[in-house]
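Here are some notes for a colleague who has the coordinates open. They go from the whole chain to one helix, then to the sheet and the cysteines.

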Amino acid sequence: MMAQTDIADTIDITNKETQYDECVKRLLSNKLVLAWIMKECVPEFAQFSISQIANKCIEGEPQVSKIAVDQDQLDKDELQYFEELPDGRIEGKNTEDSSKKEGKVYYDIKFSAVVPDSKEPVHLILNVEAQKNEKTPYPLIKRALYYVSRMISSQKNTVFLNSHYEKIRKVYSIWIQMNVADEYKNTITRYRTVEENLVGNAVEEEKDYDLMTVLFLKLGSAEEAGDVPILKLLDVLLSSNTEPQKKKEILERNFNIPMTKSMKEEVNTMCNLGEGIREEALAIGEARGVIIGKIDLICKKLQKGKSVDIIASEVEEDEEYISRICAIAEKYAPDYDTETIYDELMKEKVLN
């Protein structure tokens, strides 16, 4: 049937996109890359060198797609201690029952950091999120604010107990967006809590209310990043257009990020996947055009009053298959909007 290749290619490209996303997360979780992000985006680390931040400030290993966002979700390394019950709940082998929700959501990259040489220990919890597409069915800022709110509330009984709210750690959620509208490319936007005196001048210490910050880094091309190092770095690192060898040279020469074996492999993998996605997206577009062209031909024959069996013989397709297409196409007579017909045929799985 006419859309088998289209469907197969879509499944294949979806799989490659998933692999691409995971590769991006692994690249961003490299401690030197994180150190650049922290130095350029988090004021607490601005005075330190990249080496200091990478070696002394980042605590432990960054967790990639392992820490659950919601309270009633399990972190991935906790799943082994639970078993699923027939009613959909999960039962802990060594703990109480817990609820299980559909659509698990994990932070892309989550880690803790400490500011060295400060008069008092200052711990921060940072979350770095990679977003390949700008369009979402909701305002992304609302999701980001939800994330930082969860990062605050989840500190109870982990970072502090009872009513010791003075121990709450500041949190950052940094969102790196690719494929954005031209007018937003190579921009950095920050959202944070500020004090506003409406009447009088009652003040609190900034460190007690400035606890949540969200940053959006919208990427473009390295050539248009100006004198902003972090945009240049991320534009090069996550570019799907820069050749792997050139990308490695720029990362080593301009940002002192050594190309270890694993780093080289990740860069090569991301570039290869990116190229494959572009090629397959083009192929899908071409296949879609061929299908819409055939739908248009069928619609023109319907307009001339031809029967299903005649149309089937003329377009060399199975009569039952053409009958199903014609049934949907007739819903859009007499204009026959082929784009809409195509979308409905795909939705109804007529073109499988």
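1. Accessible areas in this note come from the Shrake-Rupley method with a 1.4 Å probe. On that basis the accessible surface of the protein chain comes to about 19,800 Å², and carbon and sulfur atoms account for 48% of this area. The model is a predicted one, and every value below should be read as computed from it.

2. The protein chain has 352 residues, of which 40% count as buried, and its secondary structure consists of eleven helices and nine strands. Where contacts with a separation of 6 or more are considered, 64% of them join residues that lie 24 or more positions apart in the protein chain.

3. Which residues of helix 3 are buried? In this helix, which spans residues 50-57, they are Ile50, Ile53, Ala54 and Cys57. These residues lie on the same side of helix 3, because they cover an arc of only 120 degrees around the axis. The face turned away from that buried side carries Asn55 and Lys56, both of which are exposed.

4. As for what covers the buried residues of helix 3, the cover includes helix 2 (31-41), strand 1 (58-64) and strand 5 (109-115). Two of these elements, strand 1 and strand 5, belong to an open sheet of six strands, whose order is 1-5-6-7-9-8 and whose pairing is mixed. Strand 1 and strand 8 (187-192) stand at the edges of the sheet, and each has a single partner strand, so one side of each is left without a neighbour there. From one strand to the next, the twist averages 20 degrees.

5. The pairing of strand 1 with strand 5 can be described in more detail, since the two run antiparallel and are joined by four bridges. Glutamine 63 has lysine 110, in strand 5, as its bridge partner. Helix 3 packs on the sheet and touches both strand 1 and strand 5, with its direction making about 80 degrees with that of strand 1.

6. For the cysteines, the cut-off matters: a disulfide is counted where a pair of cysteine sulfur atoms lies within 2.5 Å, and by this rule the count comes to zero. Are cysteine 41 and cysteine 57 buried or exposed? Residues count as buried under 20% relative accessible area. Cysteine 41 is buried because its relative accessibility is 6%, and cysteine 57 is likewise buried, at 0% relative accessibility.

Note on methods. Residues numbered from 1 in each chain as written. Predicted model: local features only at pLDDT ≥ 70, side-chain atom pairs only at ≥ 80, totals over all residues. Heavy atoms only, no water. Buried < 20%, exposed > 50% of the residue type's maximum accessible area, 1.4 Å probe, protein only. Contact = heavy atoms within 4.5 Å. Arc of directions from axis to C-beta. Pairing = 2+ DSSP bridges. Axes fitted to C-alpha atoms, helices over the stretch in contact; angles between N-to-C directions.
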